[in-house]
Each structure stands twice: as structure tokens, then as C-alpha cells.
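Here is a friendly walk through a structure you can turn over on your own screen as you read. We begin where the chains meet and work inward from there.

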There are 2 protein chains.
Amino acid sequence: MKKLMEDTLVIDGLEVIDGVNLNNEGMERIEELRKGGVQCVHACCGFWDNAREMLSKIGKWNRFFQENGEIIKQVTTGEDLNQAIQEGKLGIVLGVQNISPIEDELALVEVFNKLGIKIMQLTYNNQSLVGSSCYEEVDNGLSRFGKLVVKEMNRVGMIIDLSHVGEKTSLEAIQTSNRPVAITHANPYWIYPAKRNKSEKVLSELRKNQGILGLCAYPHVINGPETTLDEFINMIMETIDFMGIDHVAIGSDKGTNMSNEYLKWMRMGRWTHEMDYGAGSKSNPNRPPSPDWFKGPADFPNIVEGLSKKGLSKNDVNAVMGGNWKRFYEEGFKKQKV
Amino acid sequence: MKKLMEDTLVIDGLEVIDGVNLNNEGMERIEELRKGGVQCVHACCGFWDNAREMLSKIGKWNRFFQENGEIIKQVTTGEDLNQAIQEGKLGIVLGVQNISPIEDELALVEVFNKLGIKIMQLTYNNQSLVGSSCYEEVDNGLSRFGKLVVKEMNRVGMIIDLSHVGEKTSLEAIQTSNRPVAITHANPYWIYPAKRNKSEKVLSELRKNQGILGLCAYPHVINGPETTLDEFINMIMETIDFMGIDHVAIGSDKGTNMSNEYLKWMRMGRWTHEMDYGAGSKSNPNRPPSPDWFKGPADFPNIVEGLSKKGLSKNDVNAVMGGNWKRFYEEGFKKQKV
């Protein structure tokens with residue numbers, strides 16, 4: 001597995017796409033992704049931002065794309081993605097881990113879609129105007145507004161992400177959506193029982209929906225930093241058995257260089273004055289260290305190597321590492337045919 | 001001139017584009033424009049709106065485009081315009097008569113450009129963050145921010161409109177801009193001495209800049225509702241002599257069905273509690289009645305007829321009625337080559 005060519009974004013000719021990463025602009029992480037052979041990444045650019053705040057963030061990203069156009073390319077369509085790959089640039093898809101930017105206004109789904117927000121999570125760690133998160137005590141399912149938001153996202157070609165979304169809301173979103181949905185970064189609950197991981201029921205409905213699951217190396221949703229590569233690979237193999245090879249991918253959830261202030265904003269937003277630990281806990285409050293086989297996206301080749309050693313065919317390795325996201329993006333970013 | 005085919009948007013095969021009209025969505029005005037043979041219109045969709053408010057307005061326009069896609073088409077590129085004409089749809093270019101939507105943020109020029117705002121006036125009737133209007137006592141010219149905004153509009157392909165802009169700011173904007181600029185709706189001051197009309201100096205610099213002037217039938221900037229068609233046509237002919245045939249067009253400034261509340265918002269925004277009369281005056285406060293030869297855009301054929309009677313060639317009539325705007329839009333909407 002030493003055939004990785006530095007700065008070429010190519011591991012053995014494989015398609016490699018990271019389902020979520022890169023919470024802010026910065027070339028350091030871009031270089032790591034390139035070294036890891038990653039050709040495209042879904043960059044999370046918001047958690048609690050309202051419409052106006054999101055405009056400023058998008059403005060910064062536009063500038064970042066403009067200033068680094070030789071190395072990166074914004075992806076809003078399948079054509080963009082293919083062009084980025086051909087030109088040897090890292091494709092970046094902007095997404096938000098909350099519906100906060102649309103506030104209470106249905107028309108803002110299309111507005112932010114036009115600005116390049118192509119993936120939106122229905123809730124972050126709290127109840128939103130559309131539904132409940134996996135950390136709420138009660139999940140009431142999709143709200144009236146939520147049902148319309150799901151259909152509007154379907155219409156404009158913005159991918160629905162359920163990673164942090166609660167069980168009932170997730171099931172109702174899958175039922176309401178007339179297009180496949182994504183869980184960009186979570187694992188099966190029966191393998192790693194973290195609140196954010198997904199039940200057999202949700203994953204079985206996701207499979208019927210032709211949806212996609214990005215398996216996630218974030219220590220709080222696996223067995224902590226001690227999780228071995230072999231364990232992680234075994235989870236991938238077991239999930240392939242359950243979901244089918246076309247529906248399993250990777251979403252590393254490896255945030256960039258986060259300051260404590262940033263982590264506080266992610267977890268507490270403006271909604272609480274008390275400490276909230278997100279996927280962590282009082283006894284384990286910090287963003288945990290990563291397992292040593294995935295210190296960052298430059299380590300993607302380790303996952304490729306692990307999968308190959310299990311005897312997965314090159315085609316199937318390709319599907320998990322990026323081929324499935326590629327197909328999903330190409331289709332999902334299109335405006336819905338009427 | 002009775003060859004106008006109803007609902008076909010064609011007068012004798014001429015290109016007809018209205019440089020500014022249509023301040024809000026509504027099918028009534030669309031029908032009038034179609035009857036007048038107008039193939040494309042610059043629709044003014046804001047005066048004082050901040051960034052957040054403009055998102056909601058754009059959301060409404062998106063919905064309007066979606067619901068009436070058989071009849072109208074949003075135009076953000078030359079290709080869109082040509083497609084609209086081919087399909088027999090009315091093309092609509094969104095623009096704002098103020099830089100209020102970008103607030104104090106340079107990056108929002110590109111953001112609103114991506115949302116389809118392709119024309120922006122540097123000031124409405126007041127000093128803005130970029131410069132001064134024709135109604136300010138003192139015009140300090142382009143601000144530091146203003147110079148950057150002009151260049152950023154150049155870069156992204158958003159047309160600079162100077163219609164309500166003061167003399168000094170206009171001259172500095174023309175000097176700063178490295179692309180042709182527009183005055184979408186005003187007349188030569190030496191013919192009609194209204195504050196909003198343009199001096200010989202401004203129009204002479206505009207000509208050197210390869211810019212374009214949309215002559216305007218708004219009663220306050222001609223000789224009131226009594227202005228005859230012949231007078232108006234004479235102004236067009238004289239302006240062609242001064243500017244050259246390639247730089248003269250029409251911007252009717254014929255707002256839709258305005259309520260008093262709307263007129264108050266246009267003139268007073270949030271910046272005053274006292275009545276402000278805009279281009280009117282205390283003795284002539286209301287939006288004046290239109291001259292009887294231009295009650296609305298269905299009367300565009302009258303201007304065509306007037307120009308033809310003066311002996312203007314069909315090619316030249318075409319240039320003034322729409323050909324010049326078409327060329328200007330096709331070029332001006334493009335992103336600037338680096």
C-alpha cells in the first residue's frame with residue numbers, strides 16, 4: 001500500500017471521498033487530505049449559524065476557493081466532481097450540520113442550495129424547527145415544517161443528512177423523502193452503543209431507501225482511541241453484510257485543528273450557559289485523541305489496506321472508499337425531475 | 001406598427017428590453033410587458049433591504065419563477081437571455097437599486113451575484129457605504145469600501161448602475177471600473193434639468209467607458225405627464241447624436257401598481273420619519289400619472305413607431321429598443337477574465 005503518490009490524490013487508482021470532515025477553511029488540512037488520497041470531501045461549515053451568519057461563512061469559503069483555485073474546487077454537481085478529479089484538484093462540497101441557516105423560511109432551502117450548500121443535517125445535537133436530535137429526551141418526529149423542508153430539499157437537490165438526528169425523526173424523514181438520504185457519519189448502534197449511532201431499524205429503512213451510511217472513526221462513536229484498525233475494519237465488513245456493498249462509505253468526522261473556543265461553540269451554541277459534552281461526557285469532556293491508525297485524513301490508506309487484507313475485491317474497496325459517495329453525490333445534487 | 005402579435009413578445013422582429021421596471025412579482029405586469037413586445041426586463045427587487053431581508057425577497061422571486069416557468073425565465077447569463085427569447089418567455093434580470101444587501105461586507109457581492117442579483121445601483125437616494133446619491137448636498141465620491149465594491153462587481157460580473165448616483169461618485173465609479181457601467185434609467189440633464197438626470201461630463205465619460213444609458217419616461221425626469229411622444233423621441237435622437245447609437249437604450253422605470261405604503265418605503269426607507277419626495281416635491285408629492293403615450297410597458301410599440309417615423313433605420317431602432325441592452329447583458333454578466 002505504499003503506492004500512494006504524494007500530492008496526486010491517487011491511491012492505487014481508487015476513488016476516495018470523505019463523507020464529512022474539514023470544519024473550516026485552511027490549507028493545512030487540504031494538504032493532509034491530498035496526502036491521504038482523498039479526491040473529494042464534504043466540508044461542514046456550520047452548526048448553529050443563522051441565515052445572515054451563514055452568508056458571511058459562505059463568503060469566506062468563496063474567497064478560499066478563489067485564492068486556492070489551483071488546488072481545490074467547489075463541487076455542487078456531479079460534473080464539478082468529475083472535473084475536480086480530472087484536474088487533480090480536491091473537490092469540496094459545502095454542507096451544514098443543522099437547518100439553522102434556513103431559520104423558519106421554506107424558501108431559504110433553495111436560496112442556500114444556490115449558494116452551494118448541498119448537504120444539510122436536519123438537526124444538530126438539539127431539537128430544531130424540523131425535528132429532534134439523538135440527544136433529546138423525547139423525539140416527536142418530523143414537525144409540520146420538517147415535512148415540507150424534506151420535500152423541498154428533495155426538489156432542489158440538497159442531500160438530507162441524518163447523522164445526529166433522533167430515531168423517530170430519522171424514520172419519518174426516510175419515510176417522507178422521495179429520494180435516498182444520507183447518514184454521513186455514524187456507526188451501527190449494535191456494534192458501538194453510542195447515542196449517536198444508528199439502530200437496526202433505522203439502518204434497515206435506510207437500506208430500503210437506497211440511502212448511504214458513512215462509517216465514522218470519531219473515538220466517541222467507536223470504542224475510544226484504543227479501537228484497533230482491525231476492529232474498525234470488522235465493523236465495515238459487518239455493515240456491508242447488513243446494508244449491501246452499495247450503501248456503505250466513510251465519513252471520518254475528523255475536524256480540523258479545533259480550538260477549545262470552537263469546540264464550545266459546536267457543543268453549546270447559544271442555547272445553553274452550562275457545559276454540554278455532545279458525544280462526550282463529564283468524565284470524558286474533551287475531544288478525544290484519535291486512534292493511532294487514523295490520526296487524520298493522511299491515514300486513509302490504512303483503511304484501504306485493512307479492507308484489502310480482509311479479501312474485499314478492489315471494486316468493493318473502491319465502492320466503500322469513494323465510489324458510493326461519488327454515485328450518491330452525482331445523483332443527489334441534481335434538481336428533482338418533475 | 002400594428003404588427004404586434006399579442007402574447008408573442010415580438011414587434012416586427014425587434015429585440016426589446018426594458019432597462020428597469022417591475023418592482024415586484026405579479027403576473028399582471030408580466031402580461032403588459034409581453035403585450036408591449038418586451039423580451040427581457042431588469043426587475044428592481046430592492047431599495048433599502050439588508051442582507052437578511054434580501055434573502056426573503058429572492059426566495060419569493062425563486063418561487064415566482066418556479067410557478068410561472070412556462071411564461072417567464074430568470075436571466076443570469078447571456079445564454080439564459082437567448083434561451084428565453086428562443087422559447088418565447090419573458091426574461092427577467094434581478095437587480096437592486098442600492099448596495100444595502102451587501103451591508104459592510106465585500107464578500108456579499110459574490111454571494112448575491114450567485115443568487116442572481118446581476119445589477120446593483122451604488123446608491124439609492126441617500127449616501128450609502130460606497131458613495132453619495134444625486135440628492136445629497138455634498139457628494140464625497142467613492143468611499144474606500146466603494147472602490148473595492150466596484151472592482152468586486154467587475155470581477156464577478158455584476159453590472160454597476162449609476163442612475164440615482166451623485167455626480168462625483170458617478171465619475172469616480174466610471175474611472176475605477178475596468179468594465180463598462182450602466183445608467184439604467186435617467187436622461188441628459190441639459191435636456192431635462194432634474195437632479196437625477198446626468199451632466200454632459202458624466203455622459204461623456206460614460207461614452208468613453210463604452211457604457212450604456214437607459215432613457216427614461218418617468219414623468220419627474222422628463223417634462224411631466226404632458227411631455228409629448230415627439231419630445232421624448234427628440235431626446236432619444238439627440239442622445240444618440242451625443243452618445244453614439246451603441247450606447248443608448250430604454251429604461252422605462254415604470255413601477256408596478258404601487259401602493260402608497262410601497263411608495264413611502266421606496267422614499268423613506270428606515271432613514272427618516274419625515275416625508276421625503278424622491279424625484280417629486282412638496283407641491284408634486286405623488287407618483288405622477290404617466291404620459292398618455294406610455295401608460296405602461298404595453299405601449300413600447302409607440303416608441304418604436306416614433307423612432308421609425310424619425311427615419312431611424314431598423315437596425316438602429318433595434319439597438320435602442322433592446323439590441324444594446326442584449327449585448328451589454330451578454331458581456332456584462334460574464335465573470336471577468338483574469
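In this predicted model, 16 residues of chain A are in contact with 16 residues of chain B. Which helices of chain A each supply at least two residues to the side that touches chain B? They are α2 (51-67) and α4 (108-114). The largest share comes from α2(A), with 9 residues. Sorted by class, that side of chain A looks like this:

| Class | Residues on the side of chain A that touches chain B |
|---|---|
| Nonpolar | 7 residues |
| Polar | 3 residues |
| Charged | 6 residues |

How are the two chains placed relative to each other? A turn of 180° with a shift of 0.0 Å along the axis lays chain A on chain B, with an RMSD of 0.0 Å. That is the relation of a two-fold axis. If you want to find the axis on screen, look for A:R52, whose C-alpha is the nearest to it in chain A, at 2.8 Å. The copies meet through the same surface, because 100% of the interface residues of chain A are also interface residues in chain B.

Now for the interior. The largest nonpolar core has 181 residues, and among these A:L213 and B:L213 touch the most other members. Helix α11 (residues 314-332) of chain B gives this core its largest share, 7 residues. Which residues is A:L213 in contact with, once its neighbours within four places in sequence are left aside? The list includes A:I183, A:A186, A:L203 and A:L206. It also includes A:T239, A:M243 and A:H247, together with A:V248 and A:A249.

A helix of chain B is worth a visit too. In α1 (residues 27-35) of chain B, the buried residues are B:R29, B:I30, B:E32, B:L33, B:R34 and B:K35. These buried residues of α1(B) pack against four strands of chain B: β1 (17-21), β2 (40-44), β3 (72-74) and β4 (90-96). After α1(B) comes B:G37, which has a positive phi near 80°.

Finally, a word on confidence. For the complex, the predictor gives an ipTM of 0.88 and a pTM of 0.92. The average pLDDT of chain A is 93, and 96% of its residues score at least 70. Residues 1-5 of chain A are a stretch with pLDDT below 50, and beyond near neighbours in sequence this stretch has 9 contacts in the model. Where pLDDT is low, the predicted coordinates should not be read in detail.

Notes: Residues numbered from 1 in each chain as written. Chains lettered and ligands numbered in written order. Predicted model: local features only at pLDDT ≥ 70, side-chain atom pairs only at ≥ 80, totals over all residues. Contact = placed C-beta atoms within 7 Å. Nonpolar A, V, L, I, M, F, W, Y, C, P; charged D, E, K, R; others polar. Buried ≥ 20, exposed ≤ 12 C-beta atoms within 10 Å, placed from the backbone. pLDDT = per-residue confidence, 0-100. Least-squares fit on C-alpha atoms with pLDDT ≥ 70 in both. Core = buried A, V, L, I, M, F, W, Y, C linked by C-beta atoms within 7 Å.
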